[in-house]
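Reader: I have a sequence and a model to look at. Can we go through them by question and answer?

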Amino acid sequence: MTLLWFKWLFANLGSAFVVNLSINALAPLIEKVVLHTVARTLISDIFIFLYRSWNGGIIGALIVGSVIGTAQWLVLRTKIPISNRFILATSLGWFVAGFFQNFYFFDATGGFIIGLAQWLILRRFFSQAGWWVLVNTLAWGLSAYLSIQASLRLNPYAISFDVLVNPGVLVFSGCMGIIAVFTGLLLVWLLIYKKREPEVRD
């Protein structure tokens, strides 16, 4: 089970880093095309809305959620016969949370929404899956607090960090790692002690 915990940790860290690095790499290009070269018309206003939704908004949240959800699903399916609806549930959880907060700054509220969406799928496999909602809520709340502290300390070095990678990507990936530590521990506990037996059908 220790190996599973490490797989869960690296799946969350890796997927968060890659998808956010991609979004941050494409955002300046989209901004240049949409915000600086397009005349203000109804069409341009739509593009501006889509850009803002991409860079930290609901569309970006949907993309990030789908990538992270896929990585989590790939780990989960090695232990339980979980369908790819878990990816859909995770993506929709991130999407809904994106209506309330910028996905770079999800806190306990975002964690509750995402945890609840995933619980709808996980409850079929674990007898006490409700803990998934609580742990996600607390873990996201803790990561939000730590991300604020990290951002304040990284700010003086932002120019140096930007040479290699946007510091926001590092902070977000670190937050996902913190969340994965706690959800991974819960996942191991659920698999060992609270896993539902497969239903036997006549």
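Reader: In which helix is L92 found?

Author: Note that this is a predicted model. The protein has eight helices and zero strands. L92 is found in α4.

Reader: Is L92 buried, partly exposed or exposed?

Author: Buried needs under 20% relative accessible area, and exposed needs over 50%. L92 has a relative accessible area of 42%, so L92 falls in between. The class of L92 is partly exposed.

Reader: How far apart in space are L92 and I113, C-alpha to C-alpha?

Author: In sequence, L92 and I113 are 21 residues apart. In space, their C-alpha atoms are 9.4 Å apart.

Reader: What is the order of elements from the N terminus on?

Author: The protein has zero strands, so the string holds helices. There are eight helices to place. From the N terminus on, the elements run α-α-α-α-α-α-α-α.

Reader: What percentage of the residues of the protein count as buried?

Author: The cut-off for buried is under 20% relative accessible area. The protein has 202 residues. The share that counts as buried is 45%.

Reader: How many cavities of 30 Å³ or more does a search of the whole structure find, and how much space lies in the largest cavity?

Author: The search of the whole structure finds two cavities of 30 Å³ or more. The space in the largest cavity is about 100 Å³.

Reader: Which elements give two or more residues to the lining of the largest cavity, and which one gives the largest share?

Author: Those giving two or more residues are α1 (2-36), α3 (58-76), α4 (85-97), α5 (108-122), α6 (130-154) and α8 (167-193). The largest share is four residues. That share comes from α8.

Reader: Which residues of the lining lie nearest the centre of the largest cavity?

Author: The largest cavity is lined by 15 residues. By class, the lining has nine nonpolar, six polar and no charged residues. Nearest the centre lie N12, Q72, N136, M176 and I179.

Reader: Which residues make the nonpolar surface patch of about 720 Å²?

Author: Two helices, α6 and α8, each supply at least two residues of the nonpolar patch. The patch is made by M1, W131, L134, L138, W189, I192 and Y193.

Reader: Why can M1 belong to a patch?

Author: M1 sits in the segment before α1. Patch residues need over 30% relative accessible area. M1 passes that accessibility cut-off because its relative accessible area is 41%.

Reader: How far is the C-alpha atom of L134 from that of L116?

Author: L134 is one of the residues of the nonpolar patch. L116 is placed in helix α5 and is partly exposed, at 34% relative accessible area. The two residues are 18 residues apart along the chain. Their C-alpha atoms are separated by 8.9 Å.

Reader: What separates the C-alpha atoms of V67 and S15 in space?

Author: V67 lies in helix α3. V67 counts as partly exposed, with 32% relative accessibility. Along the chain, V67 and S15 are 52 residues apart. Between their C-alpha atoms the separation is 6.3 Å.

Reader: Is Q149 buried, partly exposed or exposed, and how far is its C-alpha atom from that of V171?

Author: Q149 is in helix α6. At 25% relative accessibility, Q149 counts as partly exposed. Q149 and V171 are 22 residues apart along the chain. Their C-alpha atoms are separated by 10.0 Å.

How values were computed:
Residues numbered from 1 in each chain as written. Predicted model: local features only at pLDDT ≥ 70, side-chain atom pairs only at ≥ 80, totals over all residues. Heavy atoms only, no water. 1 Å grid on protein atoms, 1.4 Å probe; cavity = no way out; pocket = protein on both sides within 12 Å on 5 of 7 lines; lining within 4 Å. Points joined across faces, edges and corners; volume = space filled by probe spheres on them. Nonpolar A, V, L, I, M, F, W, Y, C, P; charged D, E, K, R; others polar. Patch = residues over 30% accessible without salt bridge, like charges linked within 9 Å, V, L, I, M, F, W, Y side chains within 5 Å. Areas by Shrake-Rupley, 256 points an atom, 1.4 Å probe, with all protein chains shown as cover. Salt bridge = Lys/Arg side-chain N within 4 Å of Asp/Glu carboxyl O. Buried < 20%, exposed > 50% of the residue type's maximum accessible area, 1.4 Å probe, protein only.
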